[in-house]
Amino acid sequence: MTKPHALIAGAGIGGLTAALCLARIGWRVTLLERAPLLEEVGAGLQLSPNASRILKDLGVLARLEGAALTPSAIRIRRGRDAALLALLPLDKAEQTWGAPYCVALRSDLQRALLEAVACIPEICLVAGTTVAGFAATSEGVTVAAKQGLMRLSFEGTCLIGADGVQSFVRKRLLEPSKDTLHFSGNEAWRALVPADRVAPDMLRPETNLWLGPDAHVVHYPLRGGTIVNLAVILGKARAPKTQADAWSNAGDPQIIAARFSKWHQALRGLIASAPEWLTWPLFEHKPLSAWTAGPIALLGDAAHPMLPFLAQGAAQAIEDAAVLANALAKNPAVDIAFSTYAAARLAHTAKVQKASHQQGVIYHLAGPAAAARDLTIRALGPHRMLARNDWIYRSSQQLPASKALASF
């Protein structure tokens, strides 16, 4: 019998993970990626246990060895004076949640996923190809695509839209009035800093979080301590004026230096050491009431664009991929399997979206409200602070995906 064939729009973290999960249940997969080269620079991500558990099952986590970091703790500090608010230990993460807590560059994780994909003949990656339209058929789905001046057509059993925040598949799947993607008022500034430019304490194997008015900073060493990944989130940012401004752009070092002129000198020194900056406006979307229509489904940022304040964007996409594959493994009727997948994920990801938004509000408090936040963090203590995320980090243990992956 002919194997079922999934077409996936987008070869980012979610799309590549979905391809691996589907191949493991006997599907053929064609990935359609509009970028000619799959490489992102300067964007770090945190792989909490709900994601690293799945990546470990797929054999991807081992491919990150040497590039990723398993931090010993999360150090939370007040921006103006570097006062320690909390030191959250992560040395027992695997014992507590069943998988490690890791940080890595997005490009390194993408490379590890691509290496795994390259080992599987049933997965075909077609780069430089833009999805231009799609339609459900009696046999599944037909996708129209463009590759330069060429027009292509692909036939598959289903289409999975894993094409990111500005998803073409989502825009075509939803009524225009329901596609409510909007600018959040926050902007991310990202940089990679060579280790020889930073103070030695910036190279501790920890994730660092600095909190201040209308901004926060996250940094941690990567690639064996040879670089520091630096992410700055600025609130009260201007909305992008054009579509081109909605993607990454060069950042002016003078702007970011001015925004942090009253923060502690250690952080100002780290910011000043960045050789260059790239900026991204951050978008969010009201939680959707449906992700699927017949043989078409959304996944990852296409389904639930969320702010990065809980570090769950990539992690939730990875969970989506595992749950979707598990649903298809249990039910060969694609529309029913997709409905099962959506039912398992809609409420959970909506909760994560809302919690991520609220976390950003808390991070960016000023004045008496910020003082109250700092007192609360200290009063809770490290273990209760970590326990607040149990519902996220343990989530895939309660989902059928984890069991299904382990059984292959």
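Alanine 311 has a relative accessibility of 17% and therefore counts as buried, where buried means under 20% relative accessible area, exposed over 50% and partly exposed in between (1.4 Å probe, protein chains only). The structure is a predicted model, in which local features need pLDDT of at least 70 and side-chain atom pairs count only at pLDDT 80 or more, whereas totals for chains, interfaces and linings use all residues. Residues are numbered from 1 along each chain as its sequence is written, and side-chain values use heavy atoms, with hydrogens and water left out.

**Exercise 1. Backbone angles in two loops**

Task: Determine where alanine 311 is placed, and where alanine 82 is found.

Solution: Alanine 311 belongs to the loop between strand E19 (296-298) and H8; here helices (H or I, at least four residues) and strands (E, at least two) are DSSP runs, numbered from the N terminus. Its phi is near 55°, a positive value in a residue other than glycine. Alanine 82, in the loop between E4 and E5, likewise has a positive phi, near 65°. As background, most residues other than glycine have a negative phi.

**Exercise 2. Salt bridges between separate parts of the chain**

Task: For the pairs glutamate 122 and lysine 3, arginine 75 and glutamate 206, and aspartate 320 and arginine 345, work out which elements are joined and how accessible the partners are.

Solution: A salt bridge is a side-chain nitrogen of Lys or Arg within 4 Å of a carboxyl oxygen of Asp or Glu, and a search of the whole structure finds 14 of them.

1. Glutamate 122 and lysine 3 meet at 3.5 Å, N to O. Since glutamate 122 sits in the loop between helix H4 (106-118) and strand E7 (123-126), and lysine 3 in the segment before strand E1 (5-9), the pair ties together parts that are 119 residues apart in sequence. Glutamate 122 is partly exposed, at 29% relative accessibility, and lysine 3 is partly exposed too, at 38%.
2. Arginine 75 and glutamate 206 meet at 2.8 Å, N to O. This pair links distant parts of the chain, 131 residues apart: strand E4 (residues 73-78) holds arginine 75, while glutamate 206 is in the loop between strand E12 (182-194) and strand E13 (207-212). Both arginine 75 and glutamate 206 are buried.
3. Aspartate 320 and arginine 345 form a salt bridge at 2.8 Å, N to O. Aspartate 320 lies in helix H8 (residues 313-330) and arginine 345 in helix H9 (residues 334-363), so parts 25 residues apart in sequence are tied together. Aspartate 320 is buried, with a relative accessible area of 0%, and arginine 345 is buried at 0% as well.

**Exercise 3. A sheet and the helices across it**

Task: Establish the strand order of the open sheet of 8 strands, and then describe how H9 and H10 lie across its strands.

Solution: Two strands pair if DSSP finds at least two bridges between them. The order is E5-E4-E13-E14-E15-E12-E17-E16, with mixed pairing. At the edges stand strand E5 (84-89) and strand E16 (249-250), each with a single partner strand, so one side of each is left without a neighbour in the sheet. E4 and E13 run parallel and are joined by 5 bridges, and isoleucine 76 has leucine 209 in E13 as its bridge partner.

For the helices, axes are lines fitted to C-alpha atoms, over the stretch in contact in the case of helices, and angles run from 0 to 180 degrees between N-to-C directions; contact means heavy atoms within 4.5 Å. H9 lies across E13, strand E14 (215-222) and strand E17 (278-284), at about 65° to E13. Helix H10 (residues 367-387) lies across E4, E5 and E13, at about 10° to E5. The buried residues of H10, including Arg373 and Asp374, pack against E4, E5, helix H3 (93-97), E13, H9 and helix H11 (390-393). Arg373 and Asp374 are also linked with Arg78 and Asp81 in a network of salt bridges.

**Exercise 4. The two sides of H7**

Task: Identify the buried residues of helix H7 (residues 265-272) and the elements that cover them.

Solution: Leu267, Leu270 and Ile271 are the buried residues of H7. They cover an arc of only 100° around the axis, which puts them on the same side of H7, the arc being that of the directions from the helix axis to the C-beta atoms. The face turned away from this buried side carries the exposed residues Gln265 and Ala272. The cover over the buried residues includes E13, E14, strand E15 (227-234) and helix H6 (253-259).
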